[in-house]
Amino acid sequence: MGGDFTSDQKRYLEGFVSGMQAVGGAKAAPVAAAPVPMGPDATHLQAQDAVTAGGGKLVDQEKWKRAEHPFDAYPRLKAQARDGAFPKPEDNFRWRYFGLFYVAPAQSSYMVRLRIPNGILNHWQFAGMADVAEQMGGGYAHVTTRANLQIREVMPDNAPRVVEAIQDLGLCSRGSGADNIRNVTGSATAGIDPQELADTRPLAREWHYHILNDRSLYGLPRKFNVAFDGGGRIATLEETNDIGFQAVRIGGEIWFRLVIGGITGHRDLARPTGVFCKAEECCAIADAIVRVFIDKGDRTNRTKARMKYVLDAIGFPAYLEAVEAKLGRKLTRLPEDGVDPRPAFDRLAHIGVHPQSQPGLNWIGVTLGVGRMDAGQMRGLAAIARDFGDGDIRLTVWQNLLISGVADAKVEDAKAAIEALGLDWKATSLRAGLVACTGATGCKFAAAHTKEHALEIADHVDARLALDVPVNVHLTGCHHSCAQHYIGDIGLIGAKVTLNEEGDQAEGYSIVVGGGYGDQARIGRELWKEIRAEDCPGKVEGLLRLYLERRQDSTESFQAFTTRHEPETLRGLVDDRELAGA
């Protein structure tokens, strides 16, 4: 039995036995020992105990996890469903372990979020999700910025049914919310991209199932994101994740560079560690990084509970030493000067027709209005993938999807079928990079209706000017930055704008410029604070007109243009144009 105890547990028991021996046959009442945490939740319980032993106070979410692990509470979720009851705050947190988010007061219903490794599912699963959305939700779905699907307007009596219906399709929603490792992203064109260095599908799949089958990887101090970039034409945005693995070529061999600590809502991008690994090492290294976070993450302050703050507190070298202790070996460190440049991104490769590495086959990027599709469109897209493609639907972090494996001879028929659904395979430079979170329509944290305002901005700008280069506009509703506004060329974050001395307020945004990703990764700088939503289309138009008029030449990107001007200069130039009526 001794082999069943950890060294910490053995020392605890030895101390307890020694204490009992010390009192010998004394008549004093025996002192009950605190139970030693055991089982898959032990590491989390021990971390909580360390906090309280040091005089810290656990946040409510940590207390809720300790009082009843969410995975032990499924019978109560079913009982609530039978009663048609919505959850209290502690159960709203617990049900997120099953992918269910009660989103009142924005919507008096649940939103359900899936786990889809690398964002790829087949046509019959996609059609099945259309049925789920229609029969148990609001009849539509959203593609998210983690290449994932969400269904909204699920009533309480359907909560367990929707979880089980998703599992019937060979998909799952387990651990897609709360303090867990979220959907694992990978290159959208994995396995079909002519320029890719590595196929990320097996890596994403391995990590996905590693998480699903290890309960000790649930209940972290806070949510956690992992992404794999294979060097393809479409950006994966791995630098916005807690862990990013980037395929690189070194001396003719393919390695993965490890970057950690990304959390753009807190104005930080993942940074290189000097560590490189082979594909077969990625899962074990990610596991060790997460377990160090379990041990050291803050369980007393939700705003400081992400891995970034552990890195800030102890530094990258100490964190990596702890990772090596978990692994029982040293990590491989290689000089950056031996790394070949990454193949270039194509910022429009997620829209339109593009040749695959397989001769005679193509992927078609389908434009979605900031990620939304109705059930009928989903079934139509599934049929297109089945009849004209290889049967796969590939979701992207750009809130759209790809249909892959379309033969040259079938491309025109596929394009016509997409248009017949009221969708498109082409987009303006602005719409191709338009990203928006759920917003106030379905999220209680959002200060503005981001999806609606995003489309208003696109309509306004596209009617007035033609961009000849890609420009990304990201709208996010709150500080959680689900739409990653800080990495947009133009980023808008929801804000309430005070209109008068009486305190009347309207929806609005603060606006940042100059963000970027990949080899141009950068956190945007604030340009305007608290602009009314109705004024934002004009501000965006003014910025883009200024860029087209004053850029050095057609090769200067919007990011480069805004970077060489101070915010006050840009602000003044746009405001002067408005005053002049230009």
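Two strands count as paired here if DSSP finds at least two bridges between them. With that in hand, welcome to a tour of this predicted model, beginning with its five-stranded sheet.

## The five-stranded sheet and its helices

The strands of this open sheet follow the order S15-S16-S17-S18-S19, and their pairing is mixed. Strand S15 (434-436) and strand S19 (525-532) form the edges, each pairing on one side only. From one strand to the next, the twist averages 25 degrees.

Within the sheet, strand S17 (residues 490-498) and strand S18 (residues 505-513) are joined by nine bridges in the antiparallel sense. For a landmark in this pairing, look at Lys496, whose bridge partner in S18 is Glu507.

Two helices lie across strands of the sheet. Helix H15 (residues 450-462) lies across S15, strand S16 (473-476), S17 and S18, and runs at about 160 degrees to S15. Helix H18 (residues 567-580) lies across S18 and S19, at about 40 degrees to S19.

The loop between S16 and S17 holds Gln484. This residue has a positive phi of about 55 degrees although it is not a glycine. Gln484 has a relative accessible area of 11%, so it is buried.

## Strands S7, S8 and S9

Another set of strands centres on S8, which pairs with S7 and with S9. What are the sense and the bridge count of each pairing? The table sets them out, together with the S17 and S18 pairing described above.

| Strands | Sense | Bridges |
|---|---|---|
| S7 (residues 243-250) and S8 | antiparallel | eight bridges |
| S8 and S9 (residues 271-277) | antiparallel | four bridges |
| S17 (residues 490-498) and S18 (residues 505-513) | antiparallel | nine bridges |

Between S7 and S8, Ile243 stands opposite Ile260. The hairpin of these strands has two residues between them, and Gly251 takes a positive phi near 55 degrees there. On the S9 side, Val259 has Pro272 as its bridge partner.

Why is strand S8 described as largely enclosed by the rest of the structure? Six of the eight residues of S8 (residues 253-260) are buried, so the surrounding structure largely encloses this strand.

## Two helix pairs

Two packed helices are described by the angle between their axes and the distance between the axes. Both values are available for two pairs in this model.

Take helix H6 (residues 123-136) and helix H12 (residues 375-388) to begin with: their axes come within 8 Å and cross at roughly 170 degrees. Angles over 145 degrees count as roughly antiparallel, and H6 and H12 are therefore roughly antiparallel to each other. The H6 side of the contact includes His123, Phe126, Met129 and Glu134, while the H12 side includes Met378, Arg379, Leu381 and Arg386. By class, the residues of this contact divide into nine nonpolar, one polar and four charged.

H6 itself has 14 residues and reaches 20 Å from its first C-alpha to its last, close to the 20 Å expected at 1.5 Å a residue. Among the buried residues of H6 are Gln125, Phe126, Gly128, Met129 and Val132. Phe126 and Met129 are buried, and they also belong to the contact with H12.

Helix H10 (residues 307-314) and helix H11 (residues 316-327) make the other pair. Their axes come within 6 Å and cross at roughly 110 degrees, so H10 and H11 are roughly perpendicular to each other. Here Met307, Val310, Leu311 and Ile314 in H10 meet Phe316, Ala318 and Tyr319 in H11. This contact has seven nonpolar, no polar and no charged residues.

## Loop residues worth a visit

Thr185 sits in the loop between helix H7 (159-168) and helix H8 (201-212). Is Thr185 buried or exposed? Its relative accessible area is 2%, so Thr185 is buried. Leaving aside residues up to four places away in sequence, Thr185 touches Asn118, Arg146, Ala147, Val226, Ala227, Phe228, Thr236, Asn241 and Val397.

One of those contacts, Ala147, lies in the loop between strand S4 (140-143) and strand S5 (149-154). Ala147 has a positive phi of about 50 degrees although it is not a glycine. With 4% relative accessibility, Ala147 also counts as buried.

A last stop is the loop between strand S1 (100-102) and strand S2 (110-113), where Pro105 is placed. The peptide bond leading from Ala104 to Pro105 is cis, with omega near 5 degrees.

How values were computed
Residues numbered from 1 in each chain as written. Predicted model: local features only at pLDDT ≥ 70, side-chain atom pairs only at ≥ 80, totals over all residues. Heavy atoms only, no water. Buried < 20%, exposed > 50% of the residue type's maximum accessible area, 1.4 Å probe, protein only. Contact = heavy atoms within 4.5 Å. Axes fitted to C-alpha atoms, helices over the stretch in contact; angles between N-to-C directions. Parallel < 35°, antiparallel > 145°, perpendicular 65-115°, else oblique. Nonpolar A, V, L, I, M, F, W, Y, C, P; charged D, E, K, R; others polar. Expected span 1.5 Å × (residues − 1).
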